Amino acid sequence: MQNALLIGLSRQMTLERQMDVIANNVANVNTNGFKADHSLFEEYLNSNAHEDNFVGSDRRVSYVQDRGTYRDVGQGPMEATNNPLDMAISGNAFFAVQVNGAERYTRDGKFALSSTGQLMTSDGNLVLGTGGPIVFQPTDHDINVSPDGTVTVVEGTAKTDSIRGKIRMVTFDDPAKLIKLGANLYDTGSATQQPDTKSTLQQGYVEKSNVNSVGEMSRMVEVMRSYTAIANLLQQQSDLHKSAIEKLADVPA
C-alpha cells in the first residue's frame with residue numbers, strides 16, 4: 001500500500017476515536033458533575049512501505065497515533081435548586097457512595113431520601129458519611145448541611161439541632177487516574193485516596209457538567225471537515241494510482 005494511503009488511514013482512525021470522545025462529551029452536557037474527556041495524539045515514526053532491493057535506507061514515515069484521553073477535572077458551574085438535599089462540592093473532592101457493597105465516587109450531588117430514610121443518589125446508591133450511610137428519622141425537618149459536610153436536623157418538636165452524620169468527601173493525589181465506570185461513577189484505579197481538608201459543600205446547589213458545549217460542537221465540525229478532506233485526498237491518490245496503471249497497460253510491449 002502507498003505511504004500516502006497509510007498516513008491518511010492512520011489519521012482517519014484517530015479522527016474517528018476523537019469523534020467518539022467529543023460525542024460522549026456533548027451527550028453529557030446536562031449531566032450533573034460530569035468531567036469532559038479530551039484526546040491525546042502523538043507522532044508515530046515507522047519505515048515506509050518499501051521494496052528490499054533498493055540501495056540505501058528508507059526515509060521514515062510519520063503516522064498519527066492516538067495516545068489516549070485525558071480528563072478535565074476543572075470545576076463545573078453551580079446551579080441553585082433550593083432542594084435541601086442537593087449538594088455541590090466546591091473543590092477537588094468527590095462524594096463517596098456505596099454501589100453493590102463497593103465504594104465508588106461521584107461529583108453528582110443530586111440526592112434524595114430512600115423509603116427507609118437513607119440519603120441516596122438519583123440512581124439509588126447510598127451516600128456515605130464518615131460513619132456510614134446518612135440516615136434520617138421520619139420526624140426530621142429543617143435539614144441543614146454545613147460547609148464541612150455536617151448534617152443537622154430539627155427532630156419533631158425539639159428546639160435543638162440533632163446531628164445525623166457528616167458527608168464524607170474524598171480527594172485523590174491525581175484525579176485524572178480515576179477510572180470512569182459509567183452512570184457518573186468512578187473507581188479508584190491507580191489514584192491514591194487522601195482525606196479532604198480544603199473542599200466545602202454548598203447546600204441547595206448541584207454542580208453541572210464542565211463541558212463547553214460551544215467548544216465541543218466547534219471541535220466536532222472541525223473533525224468532520226478534517227475527515228472529509230482526508231477522504232478526498234485518499235480518493236485522489238487512488239484515482240492517480242488507477243490512472244497510472246491504465247496508462248501503463250496501454251504502453252506497447
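**View 1. Gln12, a buried residue of helix H1.** Gln12 has a relative accessible area of 10%, and because buried means under 20%, Gln12 counts as buried in this predicted model. Its home is helix H1, which spans residues 3–27. Who keeps Gln12 company, leaving aside residues up to four places away in sequence? Look for Tyr227, Ile230, Ala231 and Leu234, each of which Gln12 touches.

**View 2. The whole chain, as a backdrop for the close-ups.** Stepping back for a moment, you can find 2 helices and 19 strands in the chain. The chain has 253 residues, and buried residues make up 36% of them. About 14700 Å² of the chain is exposed, with carbon and sulfur atoms supplying 51% of that area. Contacts can also be sorted by distance along the sequence: of those with a separation of 6 or more, 62% are between residues 24 or more positions apart.

**View 3. Confidence along the predicted chain.** How confident is the predictor here? The mean pLDDT of the chain is 87, and 89% of the residues reach 70 or more. Which elements have the lowest and the highest mean pLDDT? Strand S1, residues 37–47, has the lowest at 70, while strand S19, residues 205–207, has the highest at 97. A word of care for any such view: where pLDDT is low, the predicted coordinates should not be read in detail.

**View 4. Arg71 and two backbone oxygens.** Arg71 belongs to strand S2, which covers residues 60–71. Is Arg71 buried or exposed? Arg71 is buried, with a relative accessible area of 14%. Follow the side chain of Arg71 to its polar atoms: the backbone oxygen of Leu178 lies 3.0 Å from one such atom, and the backbone oxygen of Pro175 lies 3.3 Å from a polar atom of this side chain. Leaving out residues up to four places away in sequence, Arg71 touches Lys35, Ala36 and Asp37, and also Pro175, Ala176, Leu178, Lys180 and Tyr186.

**View 5. An open sheet of 3 strands.** Here the strands follow the order S11-S12-S13, with antiparallel pairing. Strand S11 (140–145) and strand S13 (161–166) are the edge strands, each pairing on one side only. On average, neighbouring strands of this sheet are turned by 30° against each other, direction ignored. Strands of a sheet pair through backbone hydrogen bonds, either parallel or antiparallel. Between strand S12 (residues 150–155) and S13, which run antiparallel, you can trace 5 bridges. To locate a bridge, start from Val154 and look across to Asp161, its bridge partner in S13.

**View 6. Glu155 in strand S12.** This last close-up is centred on Glu155, which is found in strand S12. With a relative accessible area of 32%, Glu155 is partly exposed. Which side chain makes a polar contact with the side chain of Glu155? The partner is the side chain of Arg164, at 3.1 Å. Glu155 and Asp140 are 15 residues apart along the chain, yet their C-alpha atoms are separated by 4.5 Å. Not counting residues up to four places away in sequence, Glu155 touches Gln137, Thr139, Asp140, Ser162 and Arg164.

How values were computed
Residues are numbered from 1 along each chain as its sequence is written. This is a predicted model: local features need pLDDT of at least 70, side-chain atom pairs count only at pLDDT 80 or more; totals for chains, interfaces and linings use all residues. Side-chain values use heavy atoms; hydrogens and water are left out. Helices (H or I, at least four residues) and strands (E, at least two) are DSSP runs, numbered from the N terminus. Buried means under 20% relative accessible area, exposed over 50%, partly exposed in between (1.4 Å probe, protein chains only). Contact means heavy atoms within 4.5 Å. Accessible areas come from the Shrake-Rupley method with a 1.4 Å probe; for residues, only the protein chains shown count as cover. pLDDT is the predictor's confidence in each residue, from 0 to 100. A polar contact is a pair of N or O atoms within 3.5 Å; within protein, one must be able to donate a hydrogen and the other to accept it, and residues adjacent in sequence count only if both atoms are side-chain atoms. Two strands pair if DSSP finds at least two bridges between them. Axes are lines fitted to C-alpha atoms, for helices over the stretch in contact, and angles run from 0 to 180 degrees between N-to-C directions.
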